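Please look through the sequence and the three-dimensional structure shown here before reading on. The paragraphs after them are meant to be read with both in view.

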Amino acid sequence: MANQILLLTTFLAMTCSLVIAFEPSPLQDFCVADSTSSVTIVNGLPCLDSKLATAEHFFFSGLHIPGNTSNPVGGKVTPVNVAQIPGLNTLGISLARIDYAPMGVIPPHTHPRATEILTVLKGKLNVGFVTSNPENKLISKVLKKGDVFVFPVGLVHYQQNLGSGTAISLSSLSSQNPGVNTIANVVFGSNPAISEDVLAKSFQVEQSVIRDLQAKF
C-alpha cells in the first residue's frame, strides 16, 4: 500500500511539473494588450474588450528600415513584441530585426523568457552560446545568408558581423515579451552598483579595473 501511495505521489508531482513548465493555451481568440488598464495580473497584460480590437492592434510597419548602428558596439535591435503589437499579448511569439555595422556585435546577453531562432538575411555572422555551469561549453558557428541558428532559452549568446559590409538578421522568439539581460550592462551598470569588492573578487582583478568598467556603463 505504501509503495502504491509513493508511486501515485510521484506521478502527481511529475504531472504538476509538466503543467507548470508550459504556458496554458489561450482561452479566447486573442487578448489585445490594454496598456491603459490599472489591473495587475500574474502574467501578460490585461485584455482590451475584444469588440474594440482593430487591425492596427495586430500590425507593425517599418521592419524594412535599417537600424542605426552608430553606437559603441555597432549593432542595433529593432524589436517587434507586445510593446509594438498589442495583439501579440498571450500568444507567445515575437520578432526582432538586427542590423550590424562592419565588425559590429550584439554583446553577450540572455533572454530569460524565450528561445531564439535567428536567420541571416545579409552578410556573414559569427554566433554562439555558452552552456550552463560547470561545463560552460561554447557552441558557435559562422553563418552566411540563409543560414539558421537556435539560441536555447536563458543561455548567454552573442552575434558578430565578420564582414567588411553591413549585415542583417531576423530573429523569432518564443515569447511575446522575451526580455533581455546584456551581461556587461547588468554586471557593471546596475543601479545601485554592485560592490567593487564583490566584482573584483569575482573577476579576479583590481578594484581600479572594476571602477573603469563601471564608468562605461
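What follows goes from the overall fold to the sheet, the core, the cross-links and the surface.

This is a predicted model, in which local features need pLDDT of at least 70 and side-chain atom pairs count only at pLDDT 80 or more, whereas totals for chains, interfaces and linings use all residues. Residues are numbered from 1 along each chain as its sequence is written, and side-chain values use heavy atoms, with hydrogens and water left out.

The protein has 4 helices and 10 strands, where helices (H or I, at least four residues) and strands (E, at least two) are DSSP runs numbered from the N terminus. Read from the N terminus, the elements follow the order α-β-β-β-β-β-β-β-β-β-β-α-α-α. Of the 217 residues, 30% count as buried, a term that stands for under 20% relative accessible area, while exposed stands for over 50% and partly exposed for values in between (1.4 Å probe, protein chains only).

An open sheet is built from 5 strands in the order β6-β5-β8-β3-β10, with antiparallel pairing. Strands β6 (138-143) and β10 stand at the edges and have a single partner strand each, so one side of each is left without a neighbour in the sheet. Two strands are taken to pair if DSSP finds at least two bridges between them. Strand β5 (residues 125-130) and β6 are joined in the antiparallel sense over 6 bridges, and valine 130 stands opposite leucine 138 in β6. Strand β3 (residues 105-110) pairs with strand β8 (residues 156-161), again in the antiparallel sense, over 3 bridges, and the bridge partner of isoleucine 106 in β8 is glutamine 159. Strand β3 is also joined by 2 bridges to strand β10 (residues 181-182), and these two run antiparallel; here threonine 110 has asparagine 181 in β10 as its bridge partner. When looking along such strands, it helps to recall that in a regular strand the side chains alternate between the two faces of the sheet.

The largest nonpolar core has 13 residues, and those with the most contacts inside it are Tyr100, Leu118, Leu125, Val127, Leu143, Phe149 and Phe151. A nonpolar core is a set of buried Ala, Val, Leu, Ile, Met, Phe, Trp, Tyr and Cys residues joined through side-chain atoms within 4.5 Å. At least two residues of this core come from each of β2 (94-100), β4, β5 and β7 (148-151), and the largest share, 3 residues, is supplied by β5.

The structure holds 1 disulfide, defined as a pair of cysteine sulfur atoms within 2.5 Å. Cysteine 31 and cysteine 47 form this link, with their sulfur atoms 1.9 Å apart, and with -105° about the S-S bond the link is left-handed. Both cysteines lie in the loop between α1 (2-21) and β1 (75-80), 16 residues apart. How do the two partners differ in exposure? Cysteine 31 is buried, because its relative accessible area is 2%, whereas cysteine 47, with 42%, is partly exposed.

Side chains of opposite charge can pair when their charged atoms come close. The structure holds 4 salt bridges, each being a side-chain nitrogen of Lys or Arg within 4 Å of a carboxyl oxygen of Asp or Glu. One of them joins arginine 97 and aspartate 99 at 2.8 Å, N to O; arginine 97 counts as buried because its relative accessibility is 8%, and aspartate 99 is likewise buried, at 5%. Another joins aspartate 147 to lysine 144, with the closest N and O atoms 3.8 Å apart, and lysine 144 is exposed, with a relative accessible area of 52%. Glutamate 196 and arginine 211 also meet in a salt bridge (2.9 Å, N to O), and this pair links distant parts of the chain, since glutamate 196 lies in helix α3 (residues 196-203) and arginine 211 in helix α4 (residues 207-216), 15 residues apart. Glutamate 196 is partly exposed at 23% relative accessible area, and arginine 211 is partly exposed at 41%.

On the surface, Ile117, Val148 and Val150 make a nonpolar patch of about 220 Å². Patches are made of residues with over 30% relative accessible area and no salt bridge, like charges being joined within 9 Å and nonpolar side chains (Val, Leu, Ile, Met, Phe, Trp, Tyr) within 5 Å; accessible areas come from the Shrake-Rupley method with a 1.4 Å probe, and for residues only the protein chains shown count as cover. Isoleucine 117 lies in strand β4 (residues 116-122) and is partly exposed, with a relative accessible area of 37%.
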